[in-house]
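The following exchange asks on what grounds the terms used for this structure are justified. Each answer sets a value against its criterion.

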Amino acid sequence: MNTILVGAQWGDEGKGKIIDVLTEKADIVVRYAGGNNAGHTVFIGKNKYVLHLVPSGILRKNKLCVIGNGVVVDPIGLAEEIEGLKKLRVKTSPANFVLSETAHVVLPYHRELDAQREVLKGKHKIGTTKRGIGPAYGDKAARVGLRVNDLIEPSRLEEKLSMRIRENNAVLTSLGAKPLSFKKVFADYNAAGKFLKPFVQNTVVLLHEAMLKNANILFEGAQGTFLDIDHGTYPFVTSSNTTAGGACTGSGVPPHRIDRVVGVMKAYTTRVGEGPLPTENAEISDLLHGMGREFGATTGRPRRCGWFDSVATRHAAMVNGIDDLAVTNLDGLDTVETIRVCVAYQHGNARYDFVPNDAQALAECRPVYVEFEGWRAPTDKARSWKQLPAKARAYLKAIAELTNAKLFIASVGPSREQTIFV
Ligand code: GDP
Ligand code: IMO
Ligand code: MG
């Protein structure tokens with residue numbers, strides 16, 4: 001059984017937590033897109049783990065974790081993440097972690113360009129994580145990127161890097177930024193390449209060999225549907241295909257080998273960074289931030305919060321082919337008296353029941369809400385469907401129905417135990 005798990009909103013839906021839960025029944029967990037712009041949080045007991053590049057499956061024993069070809073890898077960040085996991089007693093070795101030789105490498109000029117372009121955009125900035133993701137995917141598409149197999153061969157790294165640094169330094173200095181020292185970048189990246197070399201493999205062949213042995217593969221999406229480069233709220237998006245199709249191109253596993261798509265969504269909506277968010281609402285933002293929740297796992301920025309947007313999640317179900325839904329953070333609404341759910345967008349005289357492609361139109365859309373009476377009771381101790389308040393069950397049923405997919409999991413807290421299979 002091969003399952004793709006995707007975010008159905010704007011990222012940070014709780015994918016890390018649900019991946020950790022589903023990994024129990026998987027053999028292999030594969031990251032297929034994005035880079036260390038992602039931050040996936042998993043709580044095990046009192047320990048908190050935030051994964052950026054390493055698949056969240058690493059926290060369970062005897063699971064193979066794969067970084068696929070579709071990911072962009074900051075090798076220094078990855079080496080630090082592996083070292084950080086070691087300090088938390090999570091062992092990462094070539095036996096449980098492999099890195100695709102064709103994944104692209106994020107270089108310091110990508111990060112610098114990312115930051116400079118944001119400055120140039122001024123008030124039209126994207127609000128990126130400044131991890132160099134856009135410029136790294138840009139180089140990949142322009143066919144001037146370095147791949148992991150370049151990183152781990154010092155002579156190739158030296159030759160390609162020196163050419164790329166020359167061109168990028170010309171651009172950086174023209175933007176008023178400092179040029180990079182080839183010597184320093186080469187030394188740092190060569191060291192990271194040496195550290196990572198034992199993990200590097202042809203992951204496409206590896207995954208196909210595993211499928212011949214009937215392995216269960218779980219694909220760990222990063223970001224969310226509306227941050228997808230094609231299907232998101234362009235230009236306020238990331239630079240990869242975060243949606244289900246990206247799992248195939250980003251891993252080399254063909255579409256007909258995928259059995260199921262799980263969509264993860266919060267019981268409300270959040271977004272970090274700029275761009276349209278039709279149901280954004282100060283009341284729910286203040287409530288969640290006041291509880292110490294909804295601060296970015298990668299950059300620490302407060303996330304923008306809003307009511308559940310079923311126009312968006314229905315669109316996500318369509319684009320990803322979502323079969324099953326995992327709804328997280330139900331407990332975030334425990335104290336709310338009247339809960340609103342967006343069921344359509346109004347734009348002038350037009351009413352939309354899908355997300356319009358024009359970012360300007362979307363920014364001008366007004367949400368049409370229906371209201372639900374809140375359950376006003378704690379849900380975090382519920383361990384079964386029956387233990388949830390009746391009004392919470394009704395709410396979950398309604399948002400699943402509006403999304404057009406089957407309710408599979410309700411999550412009532414960050415830990416493994418706070419997971420209800422419906
Ligand atoms: P991801 O990027 O999709 O993996 O999500 P993040 O880790 O960035 O953000 C989700 C946040 O919600 C994390 O802090 C999780 O620990 C937390 N979380 C996930 N599910 C639940 C839940 O059901 N209830 C609560 N209270 N927190 C949750
Ligand atoms: P996970 O996997 C939420 C957002 C950034 C910015 C936009 C572009 O944890 O859900 P980028 O650095 O990718 O060029 O930034 O995308 N963004 C995320 N928002 N969760 C993420 O990942 C994100 N990764 C990128 O905030 O708005
Ligand atoms: Mg996150």
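Q: Which residues come nearest to ligand 1?
A: In this predicted model, the shell around ligand 1 has 20 residues, of which Lys15, Gly16, Thr41, Asp331 and Ser411 come nearest. A residue is placed in such a shell because one of its heavy atoms lies within 4 Å of the molecule.

Q: What makes the approach of aspartate 12 to ligand 1 a polar contact?
A: A side-chain N or O atom of aspartate 12 is 2.9 Å from an oxygen atom of ligand 1. The limit for a pair of N or O atoms is 3.5 Å, so the 2.9 Å pair qualifies. By the same limit, two backbone approaches to oxygen atoms of ligand 1 also qualify: glutamate 13 has a polar backbone atom at 3.1 Å, and glycine 39 has a backbone N or O atom at 2.8 Å.

Q: How much of the area that ligand 1 exposes when taken alone is buried by the protein?
A: The protein buries 91% of the 580 Å² that ligand 1 exposes by itself. Helix 1 (15-23) and strand 3 (40-44) are the elements that give two or more residues to this shell.

Q: What is the division of the shell around ligand 1 into nonpolar, polar and charged residues?
A: The shell around ligand 1 has 4 nonpolar, 9 polar and 7 charged residues.

Q: Why is ligand 1 said to lie between domain 1 and domain 3?
A: Residues of the shell around ligand 1 come from both domain 1 (3-100 + 200-261) and domain 3 (264-421), and therefore ligand 1 lies between the two.

Q: What makes Asp12 and Gly39 donors to the magnesium ion?
A: Asp12 (OD) and Gly39 (O) coordinate the magnesium ion (ligand 3) at 2.0 to 2.2 Å. Donor atoms must be within 2.8 Å of this metal, so both residues count. The pair links distant parts of the chain, 27 residues apart: aspartate 12 is in the loop between strand 1 (3-7) and helix 1, and glycine 39 is in the loop between strand 2 (28-31) and strand 3.

Q: Why is glycine 39 classed as it is, buried or exposed?
A: Its relative accessible area is 11%. Buried means under 20%, so glycine 39 is buried.

Q: How do you know that asparagine 37, threonine 129 and arginine 301 make polar contacts with ligand 2?
A: Polar side-chain atoms of asparagine 37 and threonine 129 lie 2.9 Å and 2.6 Å, respectively, from an oxygen atom of ligand 2. A side-chain N or O atom of arginine 301 is 2.9 Å from an oxygen atom of ligand 2. These values are within 3.5 Å, so the pairs are polar contacts. The protein covers 98% of the 550 Å² of accessible area that ligand 2 has on its own.

Q: What makes the bond between tyrosine 234 and proline 235 noteworthy?
A: The peptide bond joining tyrosine 234 and proline 235 is cis, with omega about 5 degrees. Most peptide bonds are trans. Proline 235 is in the loop between strand 10 (217-220) and helix 9 (245-249).

Q: Why is arginine 89 called exposed?
A: Its relative accessibility is 80%. Exposed means over 50%, so arginine 89 is exposed. Arginine 89 also has a positive phi of about 65 degrees although it is not a glycine.

Q: Why does arginine 376 count as exposed?
A: At 51% relative accessibility, arginine 376 is over 50% and therefore exposed. Its phi is also positive, near 45 degrees.

How values were computed: Residues numbered from 1 in each chain as written. Chains lettered and ligands numbered in written order. Predicted model: local features only at pLDDT ≥ 70, side-chain atom pairs only at ≥ 80, totals over all residues. Heavy atoms only, no water. Polar contact = N/O pair within 3.5 Å; in protein donor to acceptor, adjacent residues only side chain to side chain. Areas by Shrake-Rupley, 256 points an atom, 1.4 Å probe, with all protein chains shown as cover. Helix = DSSP H or I, 4+ residues; strand = E, 2+ residues; numbered from the N terminus. Nonpolar A, V, L, I, M, F, W, Y, C, P; charged D, E, K, R; others polar. Domains from an automatic or database assignment. Donors = N, O, S within 2.8 Å, 3.2 Å for Na, K, Ca; no water. Buried < 20%, exposed > 50% of the residue type's maximum accessible area, 1.4 Å probe, protein only.
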